[in-house]
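Got your viewer open and a hand on the mouse? Let's take a walk through this one together, one selection at a time.

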Amino acid sequence: QIQAGRHERALARFTEQQQHWEDIRNATAQKTGRSKEDLVVTRSEEHRERVEVMELLDRAVPDEAKSGNHSWYHSLRGDGTRYVQIGNMFSGLHLPIKTQKENYEHELVRKPVLAELANSRNISARGRRTWRDDEYLQARLRRYHKRMEELTPGKLELHDTLELEARQIMEALPEAGLPLEPLREIESILDKAEDAPAEGSSLGGEPDVEQPEPPQAGPHLEMSSSKLQYHVRVGELSTQHIRLRSTGTAAVGYEWVLSSAPCCFQESVLPDDPTQHFTCSQTRGRIAPGEETTTLFSFVSTMPGTFASSWRLQTYPKLVEPAAELQLHGTATEDDLLLERRQNLRVDLFKDQILHQVEEMIEDAVQSVKLQVPPPPDLSLQVVQERVFEEANAAQGLYYSLHAWGRFAELKIQANELKDRFMPPELDTGTPLPAAPERQLRGRRPIRKVCVTPAMPPTFTRELG
């Protein structure tokens with residue numbers, strides 16, 4: 001019943017409001033001593049007339065006349081837009097002007113107040129000049145009068161209005177000269193169809209149709225869901241809705257209130273986050289019995305993470321069965337900001353690994369080559385003699401002299417002769433044992449240093465005899 005009478009109540013409220021404005025006009029005219037048509041409230045409706053005339057005149061004027069010398073520019077561009085400079089040439093300001101309106105709907109509005117104003121207008125008697133008396137406007141209207149009539153063939157004048165009148169069809173048909181028998185036959189067929197049992201139901205029984213549940217006594221609300229989950233990217237807005245339906249017999253006023261989340265740890269000293277990631281579009285409202293409403297909840301975050309919120313429903317009067325709290329859970333993700341740096345690091349490590357492997361292979365190949373033992377120094381040269389002698393006797397602080405080197409060389413020869421004469425030869429112990437194989441180690445193999453033993457300088461011995 002409430003839904004069926006909604007339109008009648010709206011029309012009744014509209015009629016009541018119109019009568020209220022009419023009473024205000026009459027009272028104002030009586031106090032000021034002026035007619036209702038001369039009041040500012042009434043003459044404000046002339047704005048509709050002016051907008052209508054200017055719009056129709058703009059449609060009647062051809063594009064060549066609007067553009068002037070820039071018609072060729074519009075034909076090239078094809079969008080009907082040109083830029084008019086504002087100020088001097090150094091201002092850098094331009095105003096875009098379009099010769100065509102996009103997504104514009106033409107409409108005519110005729111109100112009884114405007115009709116009364118047009119009927120009571122008498123400009124010549126009052127001698128008052130208005131915007132209609134402009135010479136430039138009158139010239140343009142005379143020039144494009146035929147084109148304006150072609151554009152609006154069924155245009156209503158300002159004093160004409162369309163009024164709807166509702167009458168019973170039984171009274172309207174005889175006046176129009178139409179018979180009533182076909183209408184009565186249709187009504188009888190419809191009555192028989194309503195009384196006939198529905199298909200799929202048992203004979204003589206009621207049709208198998210779900211009957212709506214009877215409303216519960218008192219205030220009752222039914223919520224479509226008690227949990228909403230969001231999964232968005234950082235900076236994106238996601239919206240979901242909750243539907244509330246009144247299943248009781250009383251009208252309920254409601255308000256969504258954000259629940260304060262209690263701290264789970266007493267030792268926590270982190271500050272509260274003042275950012276509101278969840279928002280409600282309509283926090284308050286009123287639901288009549290049998291009606292339903294929708295509330296939008298939005299989630300957005302400027303930083304990645306997981307967020308939660310809880311909203312409770314406060315009603316007046318209080319519900320017989322309290323509604324559960326609405327739990328909101330949102331997750332905001334963003335792209336991996338360090339992905340490119342990690343990829344570059346992986347490529348660099350791979351290149352370094354390849355480089356070290358190649359270096360090890362080259363070093364192994366170089367170390368596997370058997371090098372010749374460098375020949376001993378040529379002691380026949382005086383420069384070589386001096387260097388070897390000073391390196392061998394650096395701890396004693398001795399210096400090289402050619403006479404001393406010669407004496408030491410003679411002593412060495414004599415000592416070798418004595419050794420060959422009196423010492424027995426070394427015994428042959430057989431084939432030497434093979435050396436143990438070297439262990440295969442990873443990494444860089446150490447380079448063996450070749451030590452060259454310098455020739456011992458001759459020493460002086462005293463002969464006892």
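**Stop one: a parallel pair**

Select residues 227–233, which are strand β4, along with β11 (326–333): these two strands run parallel and pair over seven bridges. For a landmark, click His231, whose bridge partner in β11 is Thr331. Before we go on, remember that you're looking at a predicted model.

**Stop two: the other side of the pairing**

Keep β11 selected and add β10, residues 305–316. How do β10 and β11 pair, parallel or antiparallel? The answer is antiparallel, over seven bridges. Click Phe307 and look across to its bridge partner in β11, Gly330. In general, strands of a sheet pair through backbone hydrogen bonds, either parallel or antiparallel.

Now follow the chain out of β10 into the loop between β10 and β11, where you'll find Pro317. Zoom in on the peptide bond joining Tyr316 and Pro317: this bond is cis, with omega at about 0°.

**Stop three: the whole five-stranded sheet**

Go back to β10 and add residues 252–258, strand β6, which pairs with β10 in the antiparallel sense over six bridges. Here Leu258 stands opposite Trp311 in β10.

Zoom out a little, and you can trace an open sheet of five strands in the order β4-β11-β10-β6-β8, with mixed pairing. Which strands sit at the edges? They are β4 and β8 (284–287), and each of them pairs on one side only. Tilt the view to look for the twist, which averages 25° from one strand to the next.

**Stop four: a serine to click on**

Select Ser309, which lies in strand β10. Is Ser309 buried or exposed? Its relative accessibility is 15%, and buried means under 20%, so Ser309 counts as buried.

Show the side chains here, and you'll see that of Ser309 making a polar contact with the side chain of Trp311, at 3.3 Å. Setting aside neighbours within four places in sequence, Ser309 is also in contact with Leu258, Phe278, Leu326, Gln327 and Leu328.

**Stop five: a second sheet**

Next, find the open sheet of four strands, in the order β3-β5-β9-β7, with antiparallel pairing. Its edge strands are β3 (221–223) and β7 (278–280), each pairing on one side only. The twist in this sheet averages 25° from one strand to the next.

Select β3 together with strand β5, residues 238–246: they pair in the antiparallel sense over three bridges. A good spot to click is Met223, whose bridge partner in β5 is Leu244.

**Stop six: a helix to check with a ruler**

Jump to residues 46–60, helix α3. Use your distance tool on its end C-alpha atoms, which are 21 Å apart. Why does that agree with what you'd expect? At 1.5 Å a residue, the 15 residues of this helix should span 21 Å, so the two values match.

Now colour the buried residues of α3: Glu46, Glu49, Glu52, Val53, Glu55, Leu56, Leu57 and Ala60. As you look along the helix, keep this in mind: an α-helix has 3.6 residues a turn, so residues three or four places apart point the same way.

**Last stop: the full view**

Zoom all the way out to see the chain, with its 14 helices and 11 strands. Of the 465 residues, 20% are buried. Turn on the surface, too: the accessible area comes to about 38,100 Å², and 55% of that belongs to carbon and sulfur atoms. Finally, among contacts between residues at least 6 apart in sequence, 68% join residues at least 24 apart.

Methods: Residues are numbered from 1 along each chain as its sequence is written. This is a predicted model: local features need pLDDT of at least 70, side-chain atom pairs count only at pLDDT 80 or more; totals for chains, interfaces and linings use all residues. Side-chain values use heavy atoms; hydrogens and water are left out. The expected span of a helix is 1.5 Å times one less than its number of residues. Buried means under 20% relative accessible area, exposed over 50%, partly exposed in between (1.4 Å probe, protein chains only). Two strands pair if DSSP finds at least two bridges between them. Contact means heavy atoms within 4.5 Å. Accessible areas come from the Shrake-Rupley method with a 1.4 Å probe; for residues, only the protein chains shown count as cover. A polar contact is a pair of N or O atoms within 3.5 Å; within protein, one must be able to donate a hydrogen and the other to accept it, and residues adjacent in sequence count only if both atoms are side-chain atoms. Axes are lines fitted to C-alpha atoms, for helices over the stretch in contact, and angles run from 0 to 180 degrees between N-to-C directions.
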